[in-house]
Every structure is written in C-alpha cells, then in structure tokens.
Amino acid sequence: MNKKGKAVMKDLMRRPRRNRAGTAIRALVRETRLGVEDLIYPLFVREGKGAPEAVESMPGVFRYSVSDLVKECKEVAALGIPAVAIFPCIKTEHKDAKGSYALSKKNVLFHAVKEVKAACPELLVITDVALDPYTDHGHDGILDAKGNDVANDATIAILQELAIREAKAGADLVAPSDMMDGRIGAIRSALDAAGFEKTGILSYAVKFASAMYGPFRDAVGSRKSGKPPIDKRGYQMDPANVREALLEAGLDEDEGADILMVKPAGHYLDVIRAVSEQTTLPVAAYQVSGEYSQIHAAAKLGWLSYEAARDESLLAIKRAGADMILTYFAKEVAKGLK
C-alpha cells in the first residue's frame with residue numbers, strides 16, 4: 001500500500017484480465033465453440049395420426065405422427081442441424097416379453113425413417129437399436145428362462161435383424177443402446193453380410209445406469225406407472241466407474257464402431273474427457289432427458305437463468321471433449337446460433 005492507502009503492484013507482467021476486457025477480445029481468445037454442426041436432435045415418433053402429443057415431463061418435447069415428424073425434420077434441416085435421432089413410441093398392445101414388434105413390417109420406426117429420408121435426403125438419420133420400446137417389461141433385451149436377467153446372446157440375435165431392417169429403411173447410422181456384450185461386432189458383421197457396409201454404427205459404448213432417464217421413459221412409454229424404476233444395473237454401467245468406461249469404449253472401437261457415445265453427459269464430463277483422450281474415433285455425448293428437464297424445472301421456479309444454464313451445460317460437454325452432442329435443446333439453440 002502507498003501512503004494514501006492505494007494498492008501498488010510492481011512488475012506485474014501478466015494480466016490475464018486483458019483478454020477478458022470486452023466482447024471482441026473474449027471472442028478472439030475463446031478456446032471452445034459450440035456450433036450448429038455439433039448438434040444432433042432426438043425426436044420421438046408415435047403410431048397413428050393427430051396433433052403432436054406433449055411429453056409432460058419434458059417441456060417443449062413431443063411425440064409426433066410420421067407426417068408431423070417429417071415437417072419437424074424439414075425445419076431442423078433448414079436450421080443446419082446435421083442429424084436427428086429417432087425413437088419410437090409403441091402402443092401397449094403391440095408389446096410382448098420378446099419385443100417381437102421390433103421386427104414387424106408395421107413398426108412405425110421403419111416408416112418414419114423412409115419418409116424422413118425421402119423428404120430430407122441430406123439429413124442424417126440415426127436409429128435406436130434396443131428392445132425397450134417394444135418389450136412389455138421395459139428392459140433393453142429379452143429375459144432369460146428364469147425371468148431374472150437379460151439374455152445377452154439371444155438379445156443380440158434380435159438386435160442384428162433390427163439393425164438390418166433399420167438400414168433397409170434408410171438409416172444412415174444405427175445406434176445400439178442396449179449395452180449387451182459383443183453386440184457391436186455382431187451388428188457390424190450382420191450389416192456387412194446384408195450389403196449395408198456403408199451404414200455406420202454410433203455405439204452407446206459407455207451408458208451408465210443413471211437416475212436421469214425417467215422423462216425419456218415417459219416419452220417412449222417404457223416406464224411402469226406406479227412402480228419403481230426398472231433395475232438395469234445388470235447391463236448398464238456403474239456410475240462409479242471410469243476405467244470400465246475405457247474398457248467398454250476400447251472394445252466397441254475394436255469391434256467396428258464408427259462413433260462412440262457417453263451417456264449421460266453432464267454428470268460424466270470426466271468420462272467424456274477420458275474416452276476422448278483414449279480413442280481415435282469421434283466421441284458423442286447424450287445430454288439426456290433428466291438433464292434437460294431439470295434445467296427447465298429450475299428455470300420455471302426462478303432459480304436460474306434458462307438460456308444461460310442451457311448454453312453453459314452444452315459448452316461444458318463440448319469442452320470436455322465431445323465432438324457432437326445429442327440434446328433436446330438442439331432446435332432452439334440452432335435458432336439462436338443461426
């Protein structure tokens with residue numbers, strides 16, 4: 001301090017605040033950028049006609065008829081979003097213990113993919129490869145003889161055929177989200193043998209048994225009303241584990257995956273970073289339904305700024321190492337970026 005009580009700082013050569021002094025300099029030195037090309041928009045398609053059905057636990061998210069899904073995809077493509085991920089909502093009467101409707105010619109997913117690709121040929125279409133939308137018990141595969149566990153190899157055989165049928169419908173990328181052991185190699189072999197060697201695989205390589213999936217299960221109708229959440233810890237990963245995530249990612253890379261995904265995103269930024277530093281493949285991250293809904297809920301209560309929290313959450317995922325982000329915010333964020 002000098003005699004007048006003012007701070008005196010000598011020989012301070014580095015002042016990092018110089019690079020924060022205004023909007024222009026902050027833009028020039030910004031290390032991480034989120035662009036519309038980084039976004040993948042998850043969408044839900046339902047059977048039947050009629051107006052879009054709101055998903056109560058996911059504000060601004062809807063289950064679309066095929067015709068309305070096509071309209072939505074046209075808007076998405078016009079905004080420059082490069083890809084959509086389509087998830088089917090199947091009527092209860094079409095569900096059974098083996099998820100048989102997954103392979104039905106009447107499966108709304110196949111019709112939706114054909115219509116979207118016809119209307120928006122440049123828009124990448126990603127399809128889910130798992131049985132939870134189709135099983136009456138809500139698991140991602142068929143149960144073993146005792147009904148206590150998901151049967152790994154028997155499930156894979158169905159997933160192989162489902163992936164082929166999605167590719168026939170026009171899917172650019174199939175996305176196995178089931179977490180069965182060995183399913184990437186099996187699906188890759190099946191696609192190649194069926195003549196779909198150009199169809200890519202976006203693997204849910206690192207999918208944790210998270211508490212953040214509840215609203216999604218509402219959207220696809222796999223939540224059991226009045227019952228506790230389905231226990232999927234026998235095949236989805238323990239949230240405590242990072243080294244196991246690297247094992248899973250490495251196995252899927254070796255088996256022929258084209259893109260690796262970490263799911264959820266926000267609670268697992270360290271895992272995204274670890275996987276991105278290990279792999280030579282592109283890394284996707286899924287900002288899941290619970291992450292989306294909690295931002296909406298907190299903003300509605302006035303506890304945080306909606307747009308600031310939304311944008312910061314996505315920037316953090318990108319900064320952690322994700323090359324692309326599946327997010328329900330994609331459309332509104334793209335409008336802002338555009």
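Modeller: Before we look into the cavities, a convention is needed: Ala, Val, Leu, Ile, Met, Phe, Trp, Tyr, Cys and Pro count as nonpolar, Asp, Glu, Lys and Arg as charged, and the others, Gly among them, as polar. Please also keep in mind that this is a predicted model.

Biologist: How many cavities of 30 Å³ or more does a search of the whole structure find?

Modeller: The general idea is that rolling a probe the size of a water molecule over the atoms shows where empty space is left. In this structure the search finds 2 cavities of 30 Å³ or more, and the largest holds about 110 Å³ of space, while the second largest holds about 60 Å³.

Biologist: Into how many nonpolar, polar and charged residues does the lining of the largest cavity divide?

Modeller: That lining divides into 4 nonpolar, 3 polar and 7 charged residues. Of the 14 residues that line the largest cavity, Asp-132, Asp-140, Lys-207, Phe-216 and Lys-263 lie nearest its centre, and strand E7 and helix H6 (214-220) each supply at least two residues of the lining.

Biologist: Which residues line the second largest cavity?

Modeller: The second largest cavity is lined by Tyr-41, Pro-42, Leu-43, Phe-44, Gly-60, Val-61, Phe-62, Tyr-64 and Tyr-328, which divide into 8 nonpolar, 1 polar and no charged. Strand E1 (39-46) contributes the largest share of this lining, 4 residues, and strand E3 (62-64) also supplies at least two.

Biologist: Turning to the packing, which residues have the most contacts inside the largest nonpolar core?

Modeller: That core has 108 residues, and those with the most contacts inside it are Leu-69, Val-84, Leu-191, Val-206, Ile-272 and Tyr-286. Its largest share, 8 residues, comes from helix H4 (residues 152-169). Leaving aside neighbours within four places in sequence, Tyr-286 is in contact with residues including Pro-42, Phe-216, Lys-263, Pro-264 and Tyr-328; among these, Phe-216 and Lys-263 also line the largest cavity, and Pro-42 and Tyr-328 also line the second largest.

Biologist: Why do the buried residues of H8 lie on the same side of the helix?

Modeller: In general, an α-helix has 3.6 residues a turn, so residues three or four places apart point the same way. In helix H8 (residues 269-278) the buried residues are Val-271, Ile-272, Ala-274 and Val-275. They cover an arc of only 165° around the axis, which puts them on the same side of H8. What covers them includes strand E7 (200-207), helix H7 (243-255), strand E8 (259-263), strand E9 (283-287) and helix H10 (306-320).

Biologist: And the backbone: where is there a peptide bond that is cis, and which residue has a positive phi although it is not a glycine?

Modeller: As a rule, most residues other than glycine have a negative phi, and most peptide bonds are trans. Here the bond from Lys-263 to Pro-264 is cis, with omega near -5°, and Pro-264 lies in the loop between E8 and H8. Met-179, for its part, has a positive phi of about 70° and is found in the loop between E6 and helix H5 (183-193).

Biologist: Is Met-179 buried or exposed?

Modeller: The cut-off for buried is under 20% relative accessible area, and Met-179, at 3% relative accessibility, therefore counts as buried. Leu-173, in strand E6 (residues 173-176), is buried at 13%. Ser-104, in the loop between strand E4 (83-89) and helix H3 (108-119), has 19% relative accessibility and so counts as buried too; leaving aside its neighbours within four places in sequence, Ser-104 is in contact with Phe-110 and Arg-165.

How values were computed: Residues numbered from 1 in each chain as written. Predicted model: local features only at pLDDT ≥ 70, side-chain atom pairs only at ≥ 80, totals over all residues. Heavy atoms only, no water. Core = buried A, V, L, I, M, F, W, Y, C linked by side-chain atoms within 4.5 Å. Buried < 20%, exposed > 50% of the residue type's maximum accessible area, 1.4 Å probe, protein only. Contact = heavy atoms within 4.5 Å. Arc of directions from axis to C-beta. 1 Å grid on protein atoms, 1.4 Å probe; cavity = no way out; pocket = protein on both sides within 12 Å on 5 of 7 lines; lining within 4 Å. Points joined across faces, edges and corners; volume = space filled by probe spheres on them.
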